[in-house]
Amino acid sequence: MANLRTLKRNISLSADDLISTICIKSSLNDNKFEKASELIVEVAAFKAEYLSKVSSIDIEKPASKKRTKENMAQYTKSVKAYYSKLKEDYTTKFNEFIDKITKL
């Protein structure tokens with residue numbers, strides 16, 4: 001599993017790159033300014049959503065009295081699965097934004 005700080009940085013940088021690309025593309029096409037503005041708002045919301053998902057995991061740790069090796073192993077597997085799914089969802093959504101920008 002990647003370091004959470006690195007994951008957050010990658011999410012932030014990739015979203016910022018999307019916004020920069022939208023700005024450049026909209027400056028070349030003045031008639032697409034409204035669509036570009038809407039897309040920038042969507043990307044900003046996307047960035048905030050995924051940064052909050054990285055920060056707040058909704059998997060409960062085992063109670064301190066029940067922290068056996070098996071319980072902690074299960075918890076670790078759950079956390080890894082959560083972040084794998086998060087990365088997969090992020091990549092899918094990122095690619096959707098790339099398609100939208102291409103059509104802009």
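**Entry 1: H1 and H2**

I started with the first two helices, and I note that H1 and H2 are roughly antiparallel to each other. I looked up the geometry behind this: the axes of H1 and H2 come within 10 Å and cross at roughly 180°. An angle over 145 degrees counts as roughly antiparallel, so the label follows from the crossing angle. On the H1 side I listed the residues in contact, among them Leu-4, Leu-7, Ile-11, Ala-15, Leu-18, Ile-22 and Ser-26. On the H2 side the contact includes Ala-36, Leu-39, Ile-40, Val-43, Tyr-50 and Val-54. Charged residues take part as well, including Lys-8 and Asp-16 of H1 and Lys-47 of H2. I keep in mind that this is a predicted model.

**Entry 2: the whole chain**

I stepped back to the overall layout. The protein has three helices and zero strands, and its pattern along the sequence is α-α-α. I noted 104 residues, of which 24% count as buried. I also looked up the contacts between residues at least 6 apart in sequence, and 77% of them join residues at least 24 apart.

**Entry 3: H1 and H3**

Next I took the pairing of H1 with H3. Their axes are 11 Å apart and the packing angle is about 10°. H1 and H3 are therefore roughly parallel to each other. From H1, the contact includes Leu-4, Asn-10, Ser-14, Thr-21 and Lys-25. From H3, it includes Tyr-83, Lys-87, Tyr-90, Phe-94, Phe-97 and Ile-101.

I then looked at H1 by itself. H1 has 25 residues and spans 36 Å from first to last C-alpha, close to the 36 Å expected. Its buried residues are Leu-7, Ile-11, Ser-12, Ser-14, Ala-15, Leu-18, Ile-22 and Ser-26. I found that the buried residues of H1 pack against H2 and H3.

**Entry 4: H3**

H3 runs over residues 69-103. I recorded 35 residues for H3 and a reach of 51 Å between its end C-alpha atoms, close to the 51 Å expected. Which residues of H3 are buried? I listed Tyr-75, Val-79, Tyr-82, Tyr-83, Leu-86, Tyr-90, Phe-97 and Ile-101. These buried residues pack against H1 and H2.

I checked Thr-91, which is found in helix H3. Thr-91 counts as partly exposed, at 42% relative accessibility. Its C-alpha is 9.9 Å from that of Ile-11, although the two residues are 80 apart in sequence.

**Entry 5: aromatic rings**

I ended with the rings. How many aromatic pairs does the structure hold? I found six aromatic pairs. One of the pairs is Phe-46 with Tyr-90, which is stacked, at 4.9 Å centre to centre and 15° between the planes. Phe-46 lies in helix H2 and Tyr-90 in helix H3, so this pair ties together parts that are 44 residues apart in sequence.

Are these two residues buried or exposed? Phe-46 is buried, with a relative accessible area of 2%. Tyr-90 also counts as buried, at 11% relative accessibility. The cut-off for buried is under 20%.

I then followed the pair outward: Phe-46, Tyr-50, Tyr-90, Phe-94 and Phe-97 form one aromatic cluster. Tyr-50 of this cluster has the charged end of Lys-53 over its ring, 4.7 Å from the ring centre. I had already listed Tyr-50 in the contact of H2 with H1.

Definitions and conventions: Residues are numbered from 1 along each chain as its sequence is written. This is a predicted model: local features need pLDDT of at least 70, side-chain atom pairs count only at pLDDT 80 or more; totals for chains, interfaces and linings use all residues. Side-chain values use heavy atoms; hydrogens and water are left out. Rings of Phe, Tyr and Trp (its six-membered ring) pair if their centres lie within 6.5 Å; planes under 30 degrees apart count as stacked, over 60 as edge-to-face and the rest as tilted. Helices (H or I, at least four residues) and strands (E, at least two) are DSSP runs, numbered from the N terminus. Buried means under 20% relative accessible area, exposed over 50%, partly exposed in between (1.4 Å probe, protein chains only). A charge sits over a ring if NZ of Lys or CZ of Arg is within 6 Å of the ring centre and within 35 degrees of the ring normal. The expected span of a helix is 1.5 Å times one less than its number of residues. Contact means heavy atoms within 4.5 Å. Axes are lines fitted to C-alpha atoms, for helices over the stretch in contact, and angles run from 0 to 180 degrees between N-to-C directions. Angles under 35 degrees count as roughly parallel, over 145 as roughly antiparallel, 65 to 115 as roughly perpendicular and the rest as oblique.
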